[in-house]
Amino acid sequence: MRQCLFLLLILLPRLALGQVDPVPAEHFVQQYAAHYRVPPELVAALIDVESRWNAHAVSDKGRWG
């Protein structure tokens, strides 16, 4: 588990800079990765690209879906 978090911190500097609380973030990344049967690094990369780890991000269309 710690190795995965370390890898996420290296791959995603915003998480390392403290813009997101890493404990809940890691939990959600692991949960979604297990649910969709994909690597946690893929889930974390998607979060980084889509919202830059901003929990209040809104799409450019102004909606969630």
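This report walks through the predicted model shown above, from its overall layout down to single residues.

## Overall layout

Let's start with the big picture. The protein has four helices and zero strands, and from the N terminus onward its elements read α-α-α-α. Of the 65 residues in the protein, 23% are buried.

How do the contacts spread along the chain? Among contacts with a separation of 6 or more, 50% link residues that sit 24 or more positions apart. On the outside, the accessible surface comes to about 5,300 Å², and carbon and sulfur atoms account for 60% of that area.

## How confident is the prediction?

Since this is a predicted model, it helps to look at confidence before going into details. The average pLDDT of the protein is 75, and 58% of the residues score at least 70.

Which helices mark the two ends of the confidence range? Helix 2 (residues 13–16) has the lowest confidence, with a mean of 55, while helix 4 (residues 40–51) has the highest, at 89. Please keep that contrast between helix 2 and helix 4 in mind as you look over the model.

## The nonpolar core

The largest nonpolar core has six residues: Ala25, Val29, Ala33, Val43, Ala44 and Trp53. Helix 3 and helix 4 are the elements that each give two or more residues to this core. Helix 3 supplies the largest share, with three residues.

Ala33 is a good place to look inside this core. This alanine lies in helix 3. Is Ala33 buried or exposed? Ala33 counts as buried because its relative accessible area is 5%, which falls under the 20% cut-off.

Which residues does Ala33 touch, leaving aside those up to four places away in sequence? The partners are Val38, Pro39, Pro40 and Val43. One of them, Val43, is also a member of the core. Ala33 and Val43 are 10 residues apart along the chain, and their C-alpha atoms are separated by 6.2 Å.

## A nonpolar patch on the surface

Nonpolar side chains also appear on the outside of the model. Phe28, Tyr32 and Tyr36 form a surface patch of this kind, and together they have about 370 Å² of accessible area.

Phe28 belongs to helix 3, which spans residues 22–36. Why does Phe28 count as partly exposed? Its relative accessibility is 46%, so Phe28 lies between the 20% limit for buried and the 50% limit for exposed.

Helix 3 therefore has two sides to its story: Phe28 is partly exposed at 46% relative accessibility, whereas Ala33 is buried at 5%.

## The salt bridge

How many salt bridges does the structure hold? There is one. It pairs Asp48 with Arg52, and the closest N and O atoms of the two are 3.8 Å apart.

The two partners differ in how they meet the surface. Asp48 counts as buried because its relative accessibility is 11%. Arg52, with a relative accessible area of 44%, is partly exposed.

## Two arginines with positive phi

Finally, here are two backbone details to look for in the viewer. Arg37 has a phi near 55°, a positive value in a residue other than glycine. This arginine is found in the loop between helix 3 and helix 4. Arg37 counts as exposed because its relative accessibility is 77%, which is over the 50% cut-off.

Where is the other arginine, Arg52, found? Arg52 sits in the segment after helix 4. Although Arg52 is not a glycine, its phi is positive, at about 55°. Arg52 is also the residue that forms the salt bridge with Asp48, so this partly exposed arginine, at 44% relative accessible area, is worth a second look.

Terms used. Residues numbered from 1 in each chain as written. Predicted model: local features only at pLDDT ≥ 70, side-chain atom pairs only at ≥ 80, totals over all residues. Heavy atoms only, no water. Buried < 20%, exposed > 50% of the residue type's maximum accessible area, 1.4 Å probe, protein only. Contact = heavy atoms within 4.5 Å. Areas by Shrake-Rupley, 256 points an atom, 1.4 Å probe, with all protein chains shown as cover. Patch = residues over 30% accessible without salt bridge, like charges linked within 9 Å, V, L, I, M, F, W, Y side chains within 5 Å. Salt bridge = Lys/Arg side-chain N within 4 Å of Asp/Glu carboxyl O. pLDDT = per-residue confidence, 0-100. Core = buried A, V, L, I, M, F, W, Y, C linked by side-chain atoms within 4.5 Å.
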